[in-house]
Amino acid sequence: MPSLPSTEAPQLSFDELGTPLREVTFVVLDLETTGGSAAGDAITEIGAVRIRGGERIGELATLVDPGTGIPPNVVALTGITTALVTGAPRLPEVLPTLLEFLSGSVLVAHNAPFDVGFLRAACERHGRVWPRPPVLCTARLARAVLPRSEAPSVRLGALARLLGTTTLPTHRALEDARATVEVLHHLLERIGNLGVQSLEELLTLARDASAHRPTQKQRQKRRLAEPVPSAPGVYLFRGPRDEVLYVGTSGDLRRRVRSYFTAGERRRRVREMVGLAERVDSVVCAHALEAGVRELRLLAAHKPRYNRRSRHPDRGWWVAPTAEAFPRLSVVTSPRAGALGPFGSRSSARAAAETLLEVVPLRRCTQRIPARNPSAAPCVLHELGRCKAPCAGYQPVDDYAPAVAALQALVAGQDDGALRALADEITALADRERFEAAARRRDQLARLIVALERSQRLAALAALPELVGARPDGHGGWELAVLRWGRLAAAGVARRGTPPMPVVEALRRGAQTVLPGPGPLYGAPAEEVRLLHRWLTTGGTRLVYSEPNWSEPARGAASWGGWARRARPAPVVDASGAGLG
């Protein structure tokens with residue numbers, strides 16, 4: 001069975017400061033030249049590979065006529081002769097295309113100062129502005145990541161043999177660039193285990209490669225990693241009072257914990273945490289999903305001070321109707337029946353409430369209105385025709401009830417008429433050439449669709465008494481999970497050659513009993529439900545059992561996802577930072 005993407009969620013523990021690596025475009029470059037001096041020698045060949053998210057998305061390769069003869073020693077090394085480059089384009093013709101290929105990317109090269117020096121000199125010589133892209137040197141990165149005992153040499157050929165790349169360098173530009181791509185990917189896998197997740201952290205790691213050495217305290221504390229097993233799971237650094245300092249997950253606990261005591265770890269907060277640590281506990285898990293869920297639960301239980309993200313996975317903001325005769329919208333931290341959420345901040349929840357009030361005629365005032373004999377004075381909204389003034393007794397409970405029912409139907413995905421009405425209003429505004437007003441309404445509707453889709457998606461999963469999923473492990477076996485009321489109740493594996501269904505039945509019989517709680521997620525933490533949903537809907541996960549059948553509302557916001565994406569070409573991001581789709 002072909003290998004599938006890992007189910008392990010991104011490290012939830014430290015901030016992803018800067019640009020996440022999965023969003024970075026790299027251009028891996030190699031140049032062949034007539035010699036080693038950027039001032040006196042010339043480029044003879046260019047090879048470049050553009051990659052993003054581990055995928056190759058473009059290549060550029062060309063010979064370049066240097067306008068001079070190629071020395072015999074260079075011919076012997078590269079095989080590029082003067083006859084071979086005769087008739088090839090000159091550098092002024094090639095340079096604009098290369099600079100465009102580099103645009104918006106991080107420039108990667110092995111021994112990058114050499115290649116960057118030639119390109120900068122070429123720009124100066126031919127009247128081009130050097131764009132000063134971020135530069136990553138794979139030689140320096142290798143020295144930062146690989147111990148000298150493993151990699152005595154960081155020459156490209158030596159690294160290619162050590163890491164087992166399929167492409168070997170040949171001193172030809174495109175082949176060497178392709179080999180460097182593979183070396184880069186291997187090194188990025190290693191830094192993932194070091195906890196480096198952003199571009200800024202990666203560039204700092206490579207830049208400081210020669211300056212940093214493990215402190216004596218780090219070396220002394222390597223013994224803390226000795227009892228940790230090489231297995232997937234969760235690790236906990238504990239301090240002198242047995243307090244939990246930091247919680248993280250890894251597919252290989254021992255290797256991950258050992259990385260904290262090496263030269264590769266440069267984050268000040270992490271080094272401070274390691275200095276306080278007295279013990280490392282570990283919880284072995286069946287697979288990455290179980291590890292991710294256990295991490296969330298441990299973070300909620302201990303709130304370790306050196307974790308920044310997800311220290312409060314049970315915290316969120318919800319928009320819910322109040323429990324009174326004339327309900328109004330309220331922003332709350334405890335989900336209630338019929339609530340919309342969760343949102344990552346109070347402000348984003350308030351913005352959603354404002355949009356809901358544009359499509360559902362609920363009152364905007366905050367006063368409590370009695371069911372009988374209300375006697376307040378009407379506000380200006382009544383004078384403007386935007387409120388029927390139930391506070392003054394002008395609107396009875398029965399006349400107000402349809403607005404409440406419309407809100408409930410919209411949030412539950414039973415009726416999308418309110419979304420259609422707002423979309424029609426946007427069209428009408430555009431037809432009247434009120435483009436700014438139409439754009440504001442468009443953005444409001446797009447954000448509301450995102451919030452509704454997320455809420456309905458999570459609520460549909462949390463409503464299931466039991467669901468069993470199976471994901472291929474990439475080695476002919478299966479990772480198994482039993483979900484109950486939006487929580488992980490059991491996890492296991494069926495290795496290659498093991499019939500999976502008996503394992504599934506054993507997991508179901510021994511799974512944790514989960515009692516449903518209040519609210520749209522039946523008491524389940526939103527982050528756990530979101531993690532489970534992602535696992536079920538990616539990586540080839542199969543649905544083994546569901547009672548009742550897992551479904552989402554046919555008239556819910558999911559059918560409007562395409563509208564939201566067309567309305568807002570940039571990725572629509574929900575309040576918790578998660579992208580839609």
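Here is a working chat about a predicted model of one protein chain.

Biologist: Let's start wide. How many helices and strands does the protein chain have?

Modeller: The secondary structure comes to 20 helices and 15 strands. Keep in mind that this is a predicted model.

Biologist: And what share of the residues is buried?

Modeller: Of the 581 residues in the chain, 51% count as buried.

Biologist: What about contacts along the sequence? What percentage join residues at least 24 apart?

Modeller: Take the contacts between residues at least 6 apart in sequence. Of those, 67% join residues at least 24 apart.

Biologist: Now the sheet with β12. In what order do its strands come?

Modeller: The order is β14-β13-β12-β15. These 4 strands form an open sheet, and their pairing is antiparallel.

Biologist: Which strands are at the edges?

Modeller: β14, residues 487-494, is one edge strand, and β15, residues 542-547, is the other. Each of them pairs on one side only. Neighbouring strands in this sheet are turned by 15° against each other on average, direction ignored.

Biologist: Which helix packs on the sheet and touches β13 and β14?

Modeller: That's α12, residues 288-302. Its direction makes about 150° with that of β14. There is also helix α19, residues 526-537. Helix α19 lies across β12, β13 and β14 and runs at about 50° to β12.

Biologist: Let's zoom in on β12. How many bridges join β12 to β15?

Modeller: There are 5 bridges, and the two strands run antiparallel. Strand β12 covers residues 466-472. One position to find on screen is Ala-470, which stands opposite Arg-542 in β15.

Biologist: And how many bridges pair β12 with β13?

Modeller: They pair over 6 bridges, again in the antiparallel sense. Here Pro-472 stands opposite Trp-478 in β13.

Biologist: What sits between β12 and β13?

Modeller: The two strands form a hairpin, with 5 residues between them. Gly-474 is in the turn and has a positive phi of about 85°.

Biologist: Is β12 mostly covered or open?

Modeller: Mostly covered: 7 of its 7 residues are buried.

Biologist: Which residues are on which side of β12?

Modeller: Glu-466, Val-468, Ala-470 and Pro-472 are on one side. Leu-467, Gly-469 and Arg-471 are on the other. Both faces are covered, and all of these residues are buried.

Biologist: Why do they split up like that, every other residue?

Modeller: Because side chains in a regular strand alternate between the two faces of the sheet.

Biologist: New topic: empty space. How many cavities of 30 Å³ or more does a search of the whole structure find?

Modeller: The search finds 1. The largest cavity has a volume of about 50 Å³.

Biologist: Which residues line the largest cavity?

Modeller: The lining is Glu-453, Gln-456, Arg-457, Glu-552, Pro-553, Gly-556, Ala-557 and Ala-558. Those residues divide into 3 nonpolar, 2 polar and 3 charged.

Biologist: On to the backbone. Where are there cis peptide bonds?

Modeller: One joins Gly-341 and Pro-342, with omega about 5°. Pro-342 is found in strand β11, residues 340-343. Another joins Glu-547 and Pro-548, with omega about -5°. Pro-548 is found in the loop between β15 and α20.

Biologist: Which residues other than glycine have a positive phi?

Modeller: His-171 is one of them, with phi near 65°. Ala-389 is another, with phi near 55°.

Biologist: Where do they sit?

Modeller: His-171 is in the loop between α6 and α7. Ala-389 is in the loop between α14 and α15.

Biologist: Is Ala-389 buried or exposed?

Modeller: Buried, because its relative accessible area is 1%, and the cut-off for buried is under 20%. His-171 has a relative accessible area of 37%, so it counts as partly exposed.

Biologist: Last one. Where is Ala-428?

Modeller: Ala-428 is in helix α16, residues 417-431. Its relative accessible area is 28%, so Ala-428 is partly exposed.

Biologist: What separates the C-alpha atoms of Ala-428 and Ala-438?

Modeller: A distance of 8.3 Å. The two residues are 10 apart along the chain.

How values were computed: Residues numbered from 1 in each chain as written. Predicted model: local features only at pLDDT ≥ 70, side-chain atom pairs only at ≥ 80, totals over all residues. Heavy atoms only, no water. Pairing = 2+ DSSP bridges. Axes fitted to C-alpha atoms, helices over the stretch in contact; angles between N-to-C directions. Contact = heavy atoms within 4.5 Å. Buried < 20%, exposed > 50% of the residue type's maximum accessible area, 1.4 Å probe, protein only. 1 Å grid on protein atoms, 1.4 Å probe; cavity = no way out; pocket = protein on both sides within 12 Å on 5 of 7 lines; lining within 4 Å. Points joined across faces, edges and corners; volume = space filled by probe spheres on them. Nonpolar A, V, L, I, M, F, W, Y, C, P; charged D, E, K, R; others polar.
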